[in-house]
Amino acid sequence: MGIDVDLILKIAGVGIVIAFLHTVLDQMGRKEYAQWVTLLGFIYILFIVASIVSDLFQKIKDVFLFRG
């Protein structure tokens, strides 16, 4: 019933990579690119979380409507 550890590590890994890229780009003076990278990373993680929530709602619907 729990969330896979792989999924949590994937989200954490993406966050670390995005933070690293943001820092490097910011130090190079490419603040616009750093902001875009951060925004795209946020959107990617948002889609991952949305799929998890969608699966959760589907499981809840299956339980309460007694479907298998």
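A residue is counted as buried when its relative accessible area is under 20%, as exposed when that value is over 50%, and as partly exposed in between. By this criterion, buried residues account for 9% of the 68 residues in the protein chain, which is a predicted model. The accessible surface of the protein chain amounts to about 5800 Å², of which 72% is supplied by carbon and sulfur atoms.

The secondary structure of the protein chain consists of two helices, with zero strands. The overall dimensions depart from those of a compact globule: for 68 residues such a globule would have a radius of gyration near 11 Å, whereas the value computed for the protein chain is 17 Å. Along the principal axes, the C-alpha trace spans about 55 × 20 × 10 Å. With respect to charge, the protein chain carries 6 positive and 6 negative charges, and the mean positions of these two sets lie 5 Å apart.

Helix α1 covers residues 5–27, and its end C-alpha atoms are separated by 33 Å, in agreement with the 33 Å that its 23 residues should span at 1.5 Å a residue. Within α1, the residues V14, I18 and L25 are buried, and the cover over these buried residues includes α2. G15, which is also placed in helix α1, is partly exposed because its relative accessible area, 31%, falls between the two cut-offs. After α1 comes G29, for which phi is positive, near 90°.

Helix α2 comprises the 34 residues 31–64 and extends 49 Å from its first C-alpha to its last, a distance close to the 50 Å expected at 1.5 Å a residue. The buried residues of α2 are A34, G41 and I48, and what covers them includes α1. L39, another residue located in helix α2, has a relative accessible area of 38% and is therefore classed as partly exposed.

Two residue pairs illustrate the spatial relation between positions that are separated in sequence. G15 and T38, 23 residues apart in sequence, have C-alpha atoms 9.0 Å apart in space. For L39 and I18 the separation in sequence is 21 residues, and the corresponding C-alpha to C-alpha distance is 9.3 Å. In the latter pair, I18 is among the buried residues of α1, while L39 is partly exposed.

Conventions: Residues numbered from 1 in each chain as written. Predicted model: local features only at pLDDT ≥ 70, side-chain atom pairs only at ≥ 80, totals over all residues. Heavy atoms only, no water. Helix = DSSP H or I, 4+ residues; strand = E, 2+ residues; numbered from the N terminus. Rg over C-alpha atoms; globule rule 2.2 N^0.38 Å. Buried < 20%, exposed > 50% of the residue type's maximum accessible area, 1.4 Å probe, protein only. Areas by Shrake-Rupley, 256 points an atom, 1.4 Å probe, with all protein chains shown as cover. Lys, Arg positive; Asp, Glu negative; His and termini not counted. Charge placed at Lys NZ, Arg CZ, Asp CG, Glu CD. Expected span 1.5 Å × (residues − 1). Contact = heavy atoms within 4.5 Å.
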